[in-house]
Amino acid sequence: MRITGVESTGLFTGSAGRPLQIIRITLEGTPGDQPGGSPGSLLVAGPGIDSAGPFGMEMPAPGESRAAEIGVAVGDQHRPGAQAPVTVIAQAGNARAEHSAMITVAEPGWTMWMVSHFHYDPVWWSTQGQFTEARLVLPDEDGALPDTRTAFDLVRLHLEKARRDADYKFVLAEIDYLKPHFDAFPEDRALVRSLLADGRLELVGGTYNEPNTNLTGAEVTIRNAVYGVGFQRDVLGGDPRSAWMLDSFGHDPGFPGLMAAAGLTSSSWARGPFHQWGPADNARMQFPAEFEWLSPDGTGVLTAYMTNHYGAGWQLHTTKDLPSAEAAALDQFRSLAVAAATRNVMLPVGGDHVIPARWVTDIHRSWNSKYVWPRFVTAIPREFFDAVRAQAGSQASGPGAGPTAGRRGITPQTRDMNPLYTGKEVSYIDTKQAHRAGETAVSEGERLATLAWLAGRAYPAAALDKAWRLLAYGAHHDAVTGTESDQVYLDLLAGWREAYELGDCARRMAVAALAASAAAGSRSVVVVNGLASERTGMATVTVTLDEPGTPWLAVIDSEVAADLPAGTLAAEVPALAEGVRRHPDGSLAQVTLTFRASRVPALGVRRYALRAVPATVSTDTAPTDAGWRDIAGSTAIENEAVAVTADAARGGTLSITDRRTGRPVLRGPGNELVLQPEYDKHPRWGEGPWHLSPRGAGAGSASGPASVRAQRSPVGSRDAAVGRRRAGGVPHARRRDHRP
Ligand SMILES: [Zn+2]
């Protein structure tokens, strides 16, 4: 016989107090050996390595190979990850073989926490309505029922698995299905609550859904947590601790701080520092998978990055039998351990909209009956995070983990976890604009309605509550990202429209109430500042005069005018007049005025009077000069800080000069419009609108001429360019308003 293989594994038998590392030895029978199956023995020994006597095994027949596993005690002089020399001796009858080899010393004490889950996208290829349909499930063409189901089916199947199998543990997450399920299936509530109490079910997320927080405002992220924590904790009775952002396509750097402020203590997600699918080789990660994710304000949460993606453990489900599933689990463990900060790894066992994975509880029972370390246990995330915290700071190293030695432990990470899926920054751009318009309207409506309420008006609580829910819903990583299907897009539009209208209605009603008390009956403009800081900015108002007789209107700074003699126009504020309509007698019927409103107080108002004045008072304020006028012979405009020149030969693109230093601000033509053809899908990934897939540099407006005009008005200057792209002839028009 001869010894053909000595393989060190990261597996241990024995006991927690005296773990024995398993060495796998392969023997090959040679001519003259006894028949296969004859009794023989194996011995492994070396400095500080002891197999505690020979192990019996059945020997291979001549020409046959057989493997045996032997547990050896490894002395303290051998560090995990180090190489240790051993001698292996096989004996059967008079035959004897001896072989020298090196083994890699493994480390005991590791645990893989297998967290069963399903990822849920209520607004991807189907609408939320379709995803929550209860429908008859029919077998696929191979006769099997599909692994992916709709929301109610999924919750029912995971609950049913937990009811039948005491070792099953799992998580539920988004309000998108939790709330409909809670309402539609009251008979399940007792089971949900008992599983929560038993620590076999954890409600994760602490948010309404998995939002894409780098495309939305922080206030929407806050509300996402308010509604998420509110429902999961106060309605369902859970204890949400982990922001569960499995699939989020972008991360606001402030997100961990906001989650910490919401009372969460951890987060976990799959897409981030190594783009969409992870580092591929976990040894290449610059920092361990578990880290303290810090926002710019210095607060944050312990975070577990899913280096092998949130679908990593679904491989267990796809194997044909338990040994194959255990082998797949071991593969995952070895890969995850390379990047682990402590001797704990989390294996997310699930996928998109999937049923409970096969084998996970079988592995839990079978594996741990064979091995002391590593343990493969079904778990909920808090068990994993608690274990990581308990071990944090230890300088452990993993099985065969030489490349990562010295990089363990929890480190603070402040890096930007973007960019991710760059196509999502631009796809369905109208919905991002709608979302932002809605955010502004709802948050301003909320603040101003509070002021109006203090003045005695009713507060539109129900309307604003619904508007925030709609915005939280639209912040989903398949919604505001523009990665949804066309039918979902149509479905979502109504939500953004409704959120905007609810917020804008609250804002308008509050402004009307505040203006009514500030205007005090005179003809005036009340400028309202919805921000919590003093603000100076351009204000635009359209004034309609039903009765003829007013030649022109001047904007008067009422606060200054109050100190001036009547009739003095020294407090007149320069205003741009556009859209002038007149009565038949030539007097003013309508005008849109734009002026600079100065130092409007935080969450306050400032009144500007509109005073009737003669049509021609002076050259500067005459109505004919109150609109835009061409600056003859020039394409340059400037203020005290910068000078801007439009280049007619290069499509009206801009050069900007810092007037204080005389230096150009831009290296190339500014404000260029570039058209790029795109691949219809990503050439490598074969995927859609979440990637940017340009097919070349494209054609820019600087490649052709344009007609350019510089214009001046009472409130500022602007450059306007109209040109035609040379190739293809797509017209483009641009205007740059540049005001003092
Ligand atoms: Zn998703």
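In the predicted model, the protein chain is divided into five segments assigned as domains: domain 1 spans residues 2-104, domain 2 spans 111-413, domain 3 spans 422-519, domain 4 spans 525-626 and domain 5 spans 630-738. The centres of domain 1 and domain 3, taken over C-alpha atoms, are separated by 69 Å.

Within the residue range of domain 1, strand β6 (residues 65-74) takes part in two antiparallel pairings. With strand β2 (residues 19-28), β6 is joined by eight bridges; in this pairing, Leu27 has Arg66 of β6 as its bridge partner. With strand β4 (residues 49-50), β6 pairs over two bridges, again in the antiparallel sense. Here Ile49 is matched with Val74 of β6 as its bridge partner.

A helix pair was examined in the range assigned to domain 2. Helix α3 (residues 175-184) packs against helix α5 (residues 218-235) at an angle of about 35°, and the two axes lie 11 Å apart. The crossing of α3 and α5 is left-handed. On the α3 side, the contact is formed by Ile175, Leu178 and Lys179, and on the α5 side by Tyr227, Gly228 and Phe231. By class, the residues of this contact comprise four that are nonpolar, one that is polar and one that is charged.

In the range of domain 3, helix α11 covers residues 429-454 and contains 26 residues. At 1.5 Å a residue, a helix of this number of residues should span 38 Å; the C-alpha atoms at the two ends of α11 are 38 Å apart, so the expected span and the span in the model agree. Just after α11, Gly456 adopts a positive phi of about 105°.

An open sheet of four strands, in the order β27-β28-β29-β30 and with antiparallel pairing, falls in the range of domain 5. Its edge strands are β27 (636-638) and β30 (663-664), each of which pairs on one side only. At the β30 edge, strand β29 (residues 653-658) and β30 are paired in the antiparallel sense over two bridges. In this pairing, Thr657 has Pro664 of β30 as its bridge partner. In a regular strand, side chains alternate between the two faces of the sheet.

Conventions: Residues are numbered from 1 along each chain as its sequence is written. This is a predicted model: local features need pLDDT of at least 70, side-chain atom pairs count only at pLDDT 80 or more; totals for chains, interfaces and linings use all residues. Domain bounds come from an automatic or database domain assignment. Axes are lines fitted to C-alpha atoms, for helices over the stretch in contact, and angles run from 0 to 180 degrees between N-to-C directions. A crossing is left-handed if the near helix is turned anticlockwise from the far one by less than a right angle, and right-handed if clockwise. Two residues are in contact if their C-beta atoms, placed from the backbone, lie within 7 Å. Ala, Val, Leu, Ile, Met, Phe, Trp, Tyr, Cys and Pro count as nonpolar, Asp, Glu, Lys and Arg as charged, and the others, Gly among them, as polar. The expected span of a helix is 1.5 Å times one less than its number of residues. Two strands pair if DSSP finds at least two bridges between them.
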